[in-house]
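Ready for a few warm-up exercises on a protein model? Take a look at it first, then work through the tasks.

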Amino acid sequence: MRHTGTTSATYFFGELFRRNDNFGLTKYLGRRAREIRLVVPESAKQHLASEIGCPIATLPAVLANRPDEPNLVAHVQQDERRIIDGLRRRFDGVRVLSLTHDILPVLSGRGDPLADRVTAPPASPPIKYAIICPPRSGSTWLCEMLTRSGIGAPREHLRQSVILLARCGRLRPIRYSSAVVVAAARNGVFGTKMASDLVADWRDSEIRLVTLARRMAAERFAVVTLKRRDRVAQAISFYFARRSRIAHVRDPARLADIERAQIGYDFRQIDAMCRFFAQQEALADRFARAIAPSVLRLDYEDIQSDPAAAVQRIAGHIGVDPPSIAPRSGLIKISSQVAIMREYAERYRREAGLPPAA
């Protein structure tokens, strides 16, 4: 879904500081409240005071009184580099960080921005790989198995939040991605997941799709593509996820919430989603081929039948030792547990003149 008409002001002081934002920024600032003071423009202070759990000050107030906290996080929209350099010269012993350049990339990699081990560059560059896939292809399940197997910690670092920041002109994608690699690497391996619908959104941002592909190729990313042979089941999964607002389930009790949503059948919508996934598969394939000459192509159905073999194939493809433990995930496969989803899939196949599912 594309966001139009977004300005830096509306995004920064609205979406970026939501309690359930993608970065986990609000929760992090609350946890480290005794160590951080957030520096923002005067126009934002009152708005954020009820949202943020750490001390908030304007630049004049900070300049007038030395902060008690050991860390200042600057969140200004004009002349940020000049302001940060001035604060660093003025306050010896206080660490001054940029929210967009120093804090957000590390949080995206699930690291701690105040930890020296995260901010320091690694001794050698990590092995890098990307899983490129359409939505609802089983990628979250696969990434969780890879993480628990010790093959990096792949997750979706390229998200709508990042794209919006780039469109606002407040984030340099190359600088951001380099910082994410440092923060998110585990055991010398950096893994990331790239959903094809969000990859397409880079066309409207500061960095173009071809530039992103060239950068990843230069950094020797290994590439894995993931798709579902059963496109109807994929479309039904997407259809229910959007209408129930339940994308993943770990607690079996949550399955009843999908049933209670009373989602009606809509042939035209499901049919449009089937066509959408055909386009997304093609986009994922083109993007993968632009990054690496050799791509490992996996199908969800094959992974489902033998997860261990799939994880071993990925390990071999990216050049790491195969895991010694069996892959596992706490996710519940929703479609196999919710009867109405199977009913809608069968009904769509009949109405579309498709053969029954194998």
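**Exercise 1. Place C133 and look for its partner.**
Start with accessibility: C133 comes out at 1%, so it counts as buried (under 20% relative accessible area; exposed is over 50%, partly exposed in between, with a 1.4 Å probe and protein chains only). Next, try the sulfurs: a disulfide needs two cysteine sulfur atoms within 2.5 Å. The structure holds zero disulfides. For C133, the nearest cysteine sulfur belongs to C143 and lies 7.2 Å away.

A note before going on: this is a predicted model, where local features need pLDDT of at least 70, side-chain atom pairs count only at pLDDT 80 or more, and totals for chains, interfaces and linings use all residues. Residues are numbered from 1 along each chain as its sequence is written, and side-chain values use heavy atoms, leaving out hydrogens and water.

**Exercise 2. Find the salt-bridge partners of D257.**
The rule first: a side-chain nitrogen of Lys or Arg within 4 Å of a carboxyl oxygen of Asp or Glu. R254 passes, with its closest N and O atoms 2.9 Å from each other. R260 passes too, at 2.4 Å. R260 and D257 sit three residues apart in helix α14 (residues 255-260), so about one helical turn separates them. As for accessibility, D257 is partly exposed at 24%, while R260 is exposed at 58%.

**Exercise 3. Trace the bridge from R229.**
R229 pairs with D302, the closest N and O atoms being 3.1 Å apart. That joins distant parts of the chain, 73 residues apart: R229 is in the loop between β7 (222-227) and α13 (231-244), and D302 is in helix α16 (residues 300-305). Now widen the view: K227, R229, D299 and D302 form a salt-bridge network.

Notes
Helices (H or I, at least four residues) and strands (E, at least two) are DSSP runs, numbered from the N terminus.
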